[in-house]
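Welcome, and thanks for taking a look at this one with me. Please open the model in your viewer and keep the sequence at hand.

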Amino acid sequence: MLRPWKTILSLDFNNELSVYRQIAEGIITEIKKGRLKPGAPLPGTRVLAADIGVNRKTVVLAYEDLIAEGWLATTDKSGTFVSHELPGMKGKAQQKHHDFVFNDHEELQPIAHAVASNLIVFNDGWPDVRLAPMEELAKAYKRIFQQKARWCMLGYGHEQGIERLRMAVSSMLSFKRGMNTDPQNICITRGSQMALYLTAQTLLQPGDAVAIESPGYLPAWQTFVRAGARMVHIPVDEKGLVVEALEEVCKTTPLKAVYVTPHHQFPTAVSMKMERRLKLLALSNRYGFAIIEDDYDHEFHFSAKSLLPLASNENADNVIYISSLSKLVAPAVRIGYVTGPPAFIHALAQLRRLVDRQGDPIMEQAVAELMEEGAINRHAKRAINIYRERRERMDQLLHTYLDKQVSFRKPEGGLAYWVKFVRKVNTEQLAERLLKKGVSVMPTERYAFDDTPLHALRLGYASLAPEELEEGIKALAALVK
């Protein structure tokens, strides 16, 4: 892209310095300031000469000097570029100085934005984006833009999201998850993480105590800490959150909220059993704390009967329910939602208005259309059949290659296995060694919030084809044996 050279290069024809040298010095100044980066293309001599109003030969002389001095480089076919090796600036990065103080934020759990095509990635339970209904989504986009009233969607919308999508979500929650919701009591967000952030900022005051599963979901822990909460860690076993331990905490500590992932606990993937769910709800009503239920991948459950959310129970007066369509469609489709007591959702929506005036109405319209016509439901049925097969394959591979080195249970649902090593394993070091073998895993030390070694890995299987799963497990087995 050509830069506005008339405003960049200021020429003084009465200056003692020759015009071609003024051009050269002007370009050098832009490079030193960092506005012209190494490798950036410069306009051709004719284009630049016409742009700044000089003879082409003047620009040619300026370019020749800059090439000779090492500021520019040229190739016959590609033109003239800022040199990658600048004179007197090798290894020096241009950094701007600032005098103000700001709040630094702890780095969130790392997410691989882009990976090499030959890298096998065991993520924390992402869907396979190759299965996403992209053709249907593209057609829905096209239909929306062909509507006569498409201009209506280009202005400001409702901070809670378009009503059409809220109605579709409400209907889905009613028929699929047994919940009694009102579209006016649903707030659409840019993914479930935004819903969690808005919930924390609306619900909590500095010093409030929040109980969280341990091991648990690190971004949730960080979100609550950022809101000023004091964190209370409650253990998890094969039946989910140990509610008896929570009850003991309630006797001595006034809790403002309890954060749970009951359907498929993160990271262990266990499902909270019914007796514990009922006791958790009873404790909430007795002690007056909110339950923040993060139902991040409800659709992907493989046992005969999927447990309904806590929020579907008739005694769920204090439940704030968070979920997302991102894992169902694709992570790039940033549509989450939150529902709860009406007054709370109203307050949350006002905060959302300050943080992000509205969502993406075009995407919301497209997803709502796919939900209405059944495309999302068809995709879910197709995806869950594929993920069920991959879950079975993962089980076979773990038994084949790691049977004596690990212990695990086939998860009732979710898109990841929780694999515990028989002996002590530093997963940070293991991850570094595996990466050299072309396999990526996520270390789990931070899942315990106090750096207590868990000697386990959360291995997402859904985004990997069967042959990729086998290659990855074989590489893991070769290192831990």
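Here is a short tour, from the whole chain down to single residues.

## The chain as a whole

Please bear in mind that this is a predicted model. The chain has 15 helices and 16 strands, and its C-alpha atoms fill a box of roughly 90 × 60 × 45 Å along the principal axes.

Of the 481 residues in the chain, 51% count as buried. If you take the contacts with a sequence separation of 6 or more, 71% of them are between residues 24 or more positions apart.

## Helices H6 and H12

Let's begin with a helix pair. H6 and H12 pack with their axes 8 Å apart, at an angle of about 35°, and their crossing is left-handed.

On the H6 side, the contact is made by Arg164, Leu165, Ala168, Val169 and Met172. Their partners in H12 are Glu364, Gln365, Val367, Ala368, Glu369, Met371 and Glu372. Sorted by character, the residues of this contact come to seven nonpolar, one polar and four charged.

## The second largest pocket

Both of these helices return in the second largest pocket, which holds about 660 Å³ of space. Helix H6 (163-177), helix H12 (361-373) and helix H13 (375-402) are the elements that each give two or more residues to its lining.

The lining consists of 26 residues, and those nearest the centre of the pocket are Met172, Lys176, Glu299, Asn377 and Ala380. Met172 is also one of the H6 residues that meet H12. By class, the pocket lining divides into 12 nonpolar, seven polar and seven charged residues.

## An enclosed cavity

How many cavities of 30 Å³ or more does a search of the whole structure find? The search finds one. The largest cavity has a volume of about 40 Å³.

This cavity is lined by Gly157, His158, Gly161, Ile162, Gln358, Gly359, Pro361 and Glu364. The lining splits into two nonpolar, five polar and one charged residue. Glu364 is a familiar name here, as it also takes part in the contact between H6 and H12.

## Gly39 and His84

Now for two loop residues that touch each other. Gly39 sits in the loop between helix H2 (19-32) and strand E1 (41-42), while His84 belongs to the loop between strand E3 (79-82) and strand E4 (120-121). Is His84 buried or exposed? His84 is exposed, because its relative accessible area is 64%, over the 50% cut-off. Gly39, at 26% relative accessibility, counts as partly exposed.

Setting aside residues up to four places away in sequence, Gly39 touches Phe81, Val82, Ser83 and His84. Seen from the other side, and with the sequence neighbours again left out, His84 is in contact with Pro38 and Gly39. The C-alpha atoms of His84 and Ala40 are 9.2 Å apart in space, although the two residues are 44 apart in sequence. Gly39 and Ala330, for their part, are 291 residues apart in sequence, with 35 Å from C-alpha to C-alpha.

## Ser463

The last stop is Ser463, in the loop between strand E16 (456-460) and helix H15 (466-480). Ser463 counts as buried because its relative accessible area is 14%, under the 20% cut-off.

Which residues does Ser463 touch, not counting those up to four places away in sequence? They are Val121, Asn123, Trp126, Pro127, Asp128, Arg130, Arg390 and Glu468.

Terms used
Residues numbered from 1 in each chain as written. Predicted model: local features only at pLDDT ≥ 70, side-chain atom pairs only at ≥ 80, totals over all residues. Heavy atoms only, no water. Helix = DSSP H or I, 4+ residues; strand = E, 2+ residues; numbered from the N terminus. Buried < 20%, exposed > 50% of the residue type's maximum accessible area, 1.4 Å probe, protein only. Contact = heavy atoms within 4.5 Å. 1 Å grid on protein atoms, 1.4 Å probe; cavity = no way out; pocket = protein on both sides within 12 Å on 5 of 7 lines; lining within 4 Å. Points joined across faces, edges and corners; volume = space filled by probe spheres on them. Nonpolar A, V, L, I, M, F, W, Y, C, P; charged D, E, K, R; others polar. Axes fitted to C-alpha atoms, helices over the stretch in contact; angles between N-to-C directions. Left-handed = near helix turned anticlockwise from the far one by under 90°.
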